[in-house]
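Colleague: I should like to understand the terms used for this fold, and the reasoning behind each of them. May we go through them in turn?

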Amino acid sequence: MSTLITGIGELVTNDPDLGTRTDAAVVIDDGVIAWVGDAAAAPAADEAFDAQGRAVLPGFVDSHSHLVFAGDRALEFQARMAGESYAAGGIRTTVAATRAATDDRLAAGVARHVAEMHRQGTTTVEIKSGYGLTVDDEARSLRIAREFTDETTFLGAHVVPPEYADDPAAYVALVTGPMLEAAAPYARWIDVFCETGAFDEDQARTILRTGEAAGLKGRLHANQLGEGPGVQLAAELGLTAVDHCTYLTDDDVHALRDAGTVATLLPGVEFSTRHPYPDARRLLDAGVTVALASDCNPGSCYTSSLPFCIALAVREMGMTPGEAVWAATAGGAAALGRTDVGVVAPGKCADLLLLDAPTHVHLAYRPGVPLVARTWSA
């Protein structure tokens, strides 16, 4: 069944750059974009949809989320807003709740959050493990995540669990041995939280290289809580993406540019932790590819809204509305090594969203307003 989307006020194609067009039309057929061009030249289709002058964009690509969890950390958030600082150790609260939850409860939570994302325009989502931290719990977390997306990430190296607090080397051996073996069939990526209070540079390098040998592509949480070795390690290993990138030296910025590693920025985290926002302008001006993602998780950033992240990036991180939209679509696709999503062009996935607004600028201009009127998803 083919559908002609016509009456588009502004079409964002990301082909090339933001690639905006007016008086445009799109034909989608069996989950694929079949044609893009001027509305007056549009071919016939089985059915037509009139956008009535509203904007059509690629579906958002959320390249960083933690959706397999149980429990709630609202009290931790409340304490942070009262002045307590954020630290990696809070993750252990969610680990305890997740281990105690049934598969059905965890799957229901993922389904709820994915549906929430979809209502806000996200058509591609990456989901990490990392709240199980045992062989069985990490494997089941990824098995559940795989029911909702192919973009699954093994994050056994999220923090060292309490039972290994006195022997972190033994936990690294578990992650790179039995846990990796159990998780790999359900994962595409491997990730490490390389930060004070989590894993150091040598541990992260070992875990990532072992994951690569098992066929998993590498990514990294790094430089969230302060300057550190993580971004340089990501560049050294040629990782597809490194996420957070809040505290960067000039050498870090140059390393990202030279390696072609995507810097995934997560402004919802800074909103929720009151840390300084990353300087996206600095990265963009240096020629670094930037993505925006939600980092939806119960601790440091419990938002599933990429429109909210776009508004934050424009208000707080020096991005233009067009740059922020590109980062949440084509940038997110680059962070996942994908060329079939995040762009509106013939042959690409028919992942689109309709804004109840005439232009993409309204995503930052009207923060907090539910502007996504409809999505199409392959």
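Modeller: Let us begin with pairing: two strands pair if DSSP finds at least two bridges between them. The model is a predicted one. In this model, strand β2 (residues 10–12) and strand β7 (residues 55–58) are joined by two bridges. Set against the requirement of at least two bridges, β2 and β7 therefore count as paired. The two strands run parallel, and glutamate 10 has alanine 55 in β7 as its bridge partner.

Colleague: Which sheet holds β2 and β7, and in what order do its strands stand?

Modeller: The order is β3-β2-β7-β17-β18, an open sheet of five strands with mixed pairing.

Colleague: What makes β3 and β18 edge strands?

Modeller: Each of them, β3 (20–21) and β18 (372–376), pairs on one side only.

Colleague: How do you know that β4 and β5 are paired, and in which sense?

Modeller: Six bridges link strand β4 (residues 24–29) to strand β5 (residues 32–38), and the sense is antiparallel. At least two bridges are required, so the six found here satisfy the definition. Aspartate 29 stands opposite valine 32 in β5. The hairpin of β4 and β5 has two residues between the strands, and aspartate 30 takes a positive phi near 55° there.

Colleague: Which strands make up the open sheet with parallel pairing?

Modeller: Seven strands form that sheet, in the order β10-β11-β12-β13-β14-β15-β16. β10 (127–128) and β16 (290–292) each have a single partner strand, so one side of each lacks a neighbour in the sheet. Within the sheet, strand β12 (residues 189–194) and strand β13 (residues 217–222) pair in the parallel sense over four bridges. Isoleucine 190 has glycine 218 in β13 as its bridge partner. Helix α4 packs on the sheet, where it touches β10 and β11 (152–157), and its direction makes about 165° with that of β11. Helix α5 also packs on the sheet, touching β11 and β12; its direction makes about 150° with that of β11.

Colleague: Why are α4 and α5 called oblique to each other?

Modeller: Helix α4 (residues 135–146) and helix α5 (residues 168–183) pack at an angle of about 40°, with their axes 8 Å apart. Angles under 35 degrees count as roughly parallel, and 65 to 115 as roughly perpendicular. The angle of about 40° falls in neither range, and the pair is therefore oblique. The crossing of α4 past α5 is right-handed. Val135, Glu138, Ala139 and Leu142 in α4 meet Leu174, Pro178, Met179, Ala182 and Ala183 in α5. Of the residues in this contact, eight are nonpolar, none is polar and one is charged.

Colleague: What makes α5 and α6 roughly parallel instead?

Modeller: Between α5 and helix α6 (residues 201–213) the angle is about 10°, and the axes are 10 Å apart. Since angles under 35 degrees count as roughly parallel, α5 and α6 are described in that way. On the α5 side the contact is made by Pro168, Val172, Val175, Thr176 and Leu180, and on the α6 side by Gln203, Thr206, Ile207, Thr210 and Gly211. These residues divide into five nonpolar, five polar and no charged.

Colleague: Why is the chain called as compact as a globular protein of its length?

Modeller: The chain has 14 helices and 18 strands. Its radius of gyration is 20 Å, close to the 21 Å that the globule rule gives for 378 residues, so the chain is as compact as a globular protein of that length.

Notes:
Residues numbered from 1 in each chain as written. Predicted model: local features only at pLDDT ≥ 70, side-chain atom pairs only at ≥ 80, totals over all residues. Heavy atoms only, no water. Axes fitted to C-alpha atoms, helices over the stretch in contact; angles between N-to-C directions. Parallel < 35°, antiparallel > 145°, perpendicular 65-115°, else oblique. Left-handed = near helix turned anticlockwise from the far one by under 90°. Contact = heavy atoms within 4.5 Å. Nonpolar A, V, L, I, M, F, W, Y, C, P; charged D, E, K, R; others polar. Rg over C-alpha atoms; globule rule 2.2 N^0.38 Å.
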